[in-house]
Amino acid sequence: MAALQIGDVAPHFEGRDQNGEKISLSDFKGKRLILYFYPKDNTPGCTDEACSLRNGWEQLKAQGFEVVGVSADSEESHKKFIAKHSLPFTLVADTDKVILEAYNAWGEKSMYGKKYMGVIRKTYVIDGNGIIEQIFEKVKVKSHDQQILDAYKK
């Protein structure tokens, strides 16, 4: 699949959130969406990233952003992750990896010389018309909120 670029139409997605409720890209029509992909609930880097977005939540909301996280974890795992860290945003359970693949966030990774398939951490900002405005491929997990806000400073 070709890499998504700024200016591309964001792939439509549908999934289930931490409460089993259906969520889709069309739910965010007219809103700016931060759609972030992360490997696993309750791992150090993913917790840092989620907590950074939580800590910057009020500023992000004030700038008109909505936030949705996506990983291959289950709805139940997401529910526990949200409760443990008081996350104010939605997490989507993409256990079949359809959304991850559509957004080029599932692919070959390497650790200690071993290759394996996994979630590739990245963030897309999608405008209210469904167009990709920003792509963050080098996510700063401890300050991702500020990384996004800095990209939108006037």
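Contact is taken here to mean heavy atoms within 4.5 Å, and the structure described is a predicted model. On that footing, the buried residues of helix α1 pack against β3, α2 (57-62), β4 (65-71), α3 (75-85), β8 and α5 (144-151). The buried set in α1 consists of Cys46, Thr47, Glu49, Ala50, Cys51, Ser52 and Leu53. Helix α1 itself comprises twelve residues (residues 44-55), which at 1.5 Å a residue should span 16 Å, and this agrees with the separation of 16 Å between its end C-alpha atoms.

Two of the buried residues of α1 are cysteines, Cys46 and Cys51, which raises the matter of disulfides. The structure holds zero disulfides. Cys46 takes part in none, its nearest cysteine sulfur being that of Cys51, at 11 Å. Because a disulfide requires two cysteine sulfur atoms within 2.5 Å, the distance of 11 Å from the sulfur of Cys51 to that of Cys46, the closest cysteine sulfur, is too far for a bond. Cys46 counts as buried because its relative accessibility is 1%, and Cys51, with a relative accessible area of 13%, is likewise assigned to the buried class.

Aromatic residues were examined next. A search of the whole structure finds nine aromatic pairs. In one of these, Phe37 and Tyr124 have ring centres 6.1 Å apart and planes at 90°, so that the pair is edge-to-face. This pair joins distant parts of the chain, since Phe37 belongs to strand β3 (residues 32-37) and Tyr124 to strand β8 (residues 122-126), with their positions 87 residues apart in the sequence numbering. Both partners are withdrawn from solvent by the accessibility criterion, Phe37 being buried at a relative accessible area of 0% and Tyr124 being buried at 1% relative accessibility. Tyr124 also pairs with Tyr103, the ring centres lying 5.2 Å apart and the planes at 65°, so this pair too is edge-to-face. Here again distant parts of the chain are linked, as Tyr103 sits in the loop between α4 (98-102) and β6 (106-111) whereas Tyr124 is in strand β8, 21 residues apart. The ring-bearing residue on the loop side, Tyr103, is buried, with a relative accessible area of 0%.

Elsewhere, ring pairs connect Tyr36, Tyr38, Trp57, Phe81 and Phe89 into a cluster. An aromatic ring is also involved in an arrangement with a charged residue, in that Lys97 lies over the face of Trp106, at 5.0 Å from the ring centre.

Strand β8 also contains Thr123, which counts as buried at 0% relative accessibility. The side chain of Thr123 makes a polar contact of 2.7 Å with the side chain of His144. When residues up to four places away in sequence are not counted, Thr123 touches Ile34, Leu35, Tyr36, Glu49, Gln134, Ile135, Phe136, Val139, His144 and Ile148. Among these contacts of Thr123 is Glu49, one of the buried residues of α1, and another is Tyr36, a member of the aromatic cluster.

The setting of Gln59, in helix α2, can be described in similar terms. Gln59 counts as partly exposed, its relative accessibility being 46%. Apart from its neighbours within four places in sequence, Gln59 is in contact with Gln146 and Leu149. The C-alpha atoms of Gln59 and Asp73 are separated by 27 Å, although the two residues are 14 residues apart along the chain.

Backbone geometry was considered for two loop residues. Asn104, placed in the loop between α4 and β6, has a phi near 55°, which is a positive value in a residue other than glycine. Tyr112, located in the loop between β6 and β7 (114-119), also has a phi near 55°, again positive in a residue other than glycine. As to accessibility, Asn104 counts as buried, at 16% relative accessibility, whereas Tyr112 counts as exposed, at 80%.

Definitions and conventions:
Residues are numbered from 1 along each chain as its sequence is written. This is a predicted model: local features need pLDDT of at least 70, side-chain atom pairs count only at pLDDT 80 or more; totals for chains, interfaces and linings use all residues. Side-chain values use heavy atoms; hydrogens and water are left out. Buried means under 20% relative accessible area, exposed over 50%, partly exposed in between (1.4 Å probe, protein chains only). Rings of Phe, Tyr and Trp (its six-membered ring) pair if their centres lie within 6.5 Å; planes under 30 degrees apart count as stacked, over 60 as edge-to-face and the rest as tilted. Helices (H or I, at least four residues) and strands (E, at least two) are DSSP runs, numbered from the N terminus. A charge sits over a ring if NZ of Lys or CZ of Arg is within 6 Å of the ring centre and within 35 degrees of the ring normal. The expected span of a helix is 1.5 Å times one less than its number of residues. A polar contact is a pair of N or O atoms within 3.5 Å; within protein, one must be able to donate a hydrogen and the other to accept it, and residues adjacent in sequence count only if both atoms are side-chain atoms.
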